[in-house]
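Please open the structure in a viewer and keep the selection panel at hand. The tour proceeds by selecting one group of residues after another.

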Amino acid sequence: MSEALHEIALTVNGVVRRTAVPARRLLSDCLRQNLGLTGTHVGCEHGVCGCCTVLMDGEPVRSCLTFAVTAAGHEITTVEGLAGPDGSLSPVQRAFSECHALQCGFCTPGFLCTVTALLRETPAPTDEQVVEGISGNLCRCTGYQNIVKAVHRAAELIADEDGTPAPAGGEA
Ligand code: FES
Ligand code: FES
């Protein structure tokens, strides 16, 4: 017997998207398979690696641990939604590129979402706060040093854009 489908509507990267999912479809699978947003990566599917991190109402969530039906009515931001409307990279994306904070890139969408939320909450994090903030995201390639540098660089870029003084955080 085929599984019953539930009609859901969720706002993804600013656009209302409607789709039908089985009750147990994961948000990660819904984004990738129903909505074609394959920028959200799936690694462990057990809530460990953080690759699948997206923002739900601005807060990072593991989309592999979230049912699509529970995301109904919420605002989801995926890596595809981080760039500006004209396609210009966000400060966090630019900083990751500038600081060589990725190698294979598999973990990167999750890091970008996590760091975007981290810097909204803590615009000038210390090294310690950065390490704590990204502790739920695993990277098997970079050794994290350039990722930490990129977070500080992103904080500077955001401060420049906002016209606020450069963050006093950085080296703790
Ligand atoms: S795929 Fe979701 S935490 Fe690893
Ligand atoms: S860049 Fe390869 S896993 Fe992070």
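At what angle do α3 and α6 pack, and how far apart are their axes? In this predicted model, the angle between α3 and α6 is about 135°, and their axes are 8 Å apart. That makes α3 oblique to α6. The crossing in which α3 passes α6 is right-handed.

**Stop 1: the contact of α3 with α6**

Select P91, V92, R94, A95, F96 and E98, which are the residues that α3 brings to this contact. Then add A150, R153, A154, L157, I158 and E161, which come from α6. Coloured by class, the contact of α3 with α6 shows eight nonpolar and four charged residues, with no polar ones.

**Stop 2: helix α3 itself**

Keep α3, which spans residues 91-98, and select its buried residues: P91, V92, Q93, A95 and F96. These buried residues pack against both α4 and α6. Next, move to H100, just after α3, where phi is positive, at about 55°. For context, most residues other than glycine have a negative phi.

**Stop 3: from α3 to α4**

Now show α3 together with α4. Their axes are 9 Å apart, and the two helices pack at an angle of about 125°. α3 and α4 are therefore oblique to each other, and their crossing is right-handed. On the α3 side, select V92, Q93 and F96; on the α4 side, select T108, L112, V115, T116 and L119, which they meet. This contact of α3 with α4 divides into five nonpolar and three polar residues, and none is charged.

**Stop 4: T116**

Centre the view on T116, a residue of helix α4. Is T116 buried or exposed? T116 has 23 other C-beta atoms within 10 Å, and 20 or more make a residue buried, so T116 is buried. Setting aside residues up to four places away in sequence, the residues that T116 touches are L55, L82, S90 and V92. For a distance to draw in the viewer, take the C-alpha atoms of T116 and C49: they are separated by 17 Å, and the two residues are 67 residues apart along the chain.

**Stop 5: from α4 to α6**

Show residues 108-121, which form helix α4, and residues 145-162, which form helix α6. These two helices pack at an angle of about 50°, and their axes are 11 Å apart. That makes α4 oblique to α6. The crossing of α4 and α6 is right-handed. Select F111, V115 and L119 in α4, and then I147, V151, A154, A155 and I158 in α6, which they meet. The contact of α4 with α6 has eight nonpolar residues, and neither polar nor charged ones.

**Stop 6: the largest nonpolar core**

Which residues touch the most other members of the largest nonpolar core? They are V92, L112, V115, I147, V151 and A154, in a core of 44 residues. Two or more residues of this core come from each of β1 (5-12), α1 (27-34), β3 (53-56), α2 (68-71), α3, α4 and α6. α6 gives the largest share, eight residues.

**Stop 7: the loop between α1 and β3**

Select C51, which lies in the loop between α1 and β3. C51 is buried, and 24 other C-beta atoms lie within 10 Å. Not counting its neighbours within four places in sequence, C51 is in contact with H41, V42, G43, F106, C107 and G110. A line from the C-alpha atom of C51 to that of G143 covers 16 Å, although these residues are 92 residues apart along the chain.

Next, select E45, also found in the loop between α1 and β3. E45 is partly exposed, with 15 other C-beta atoms within 10 Å. Its phi is positive, near 60°, in a residue other than glycine.

**Stop 8: the loop between α5 and α6**

Finish at Y144, in the loop between α5 (127-133) and α6. What is the phi of Y144? Phi of Y144 is near 75°, a positive value in a residue other than glycine. Y144 counts as partly exposed, with 17 C-beta neighbours inside 10 Å.

Terms used:
Residues numbered from 1 in each chain as written. Chains lettered and ligands numbered in written order. Predicted model: local features only at pLDDT ≥ 70, side-chain atom pairs only at ≥ 80, totals over all residues. Axes fitted to C-alpha atoms, helices over the stretch in contact; angles between N-to-C directions. Helix = DSSP H or I, 4+ residues; strand = E, 2+ residues; numbered from the N terminus. Parallel < 35°, antiparallel > 145°, perpendicular 65-115°, else oblique. Left-handed = near helix turned anticlockwise from the far one by under 90°. Contact = placed C-beta atoms within 7 Å. Nonpolar A, V, L, I, M, F, W, Y, C, P; charged D, E, K, R; others polar. Buried ≥ 20, exposed ≤ 12 C-beta atoms within 10 Å, placed from the backbone. Core = buried A, V, L, I, M, F, W, Y, C linked by C-beta atoms within 7 Å.
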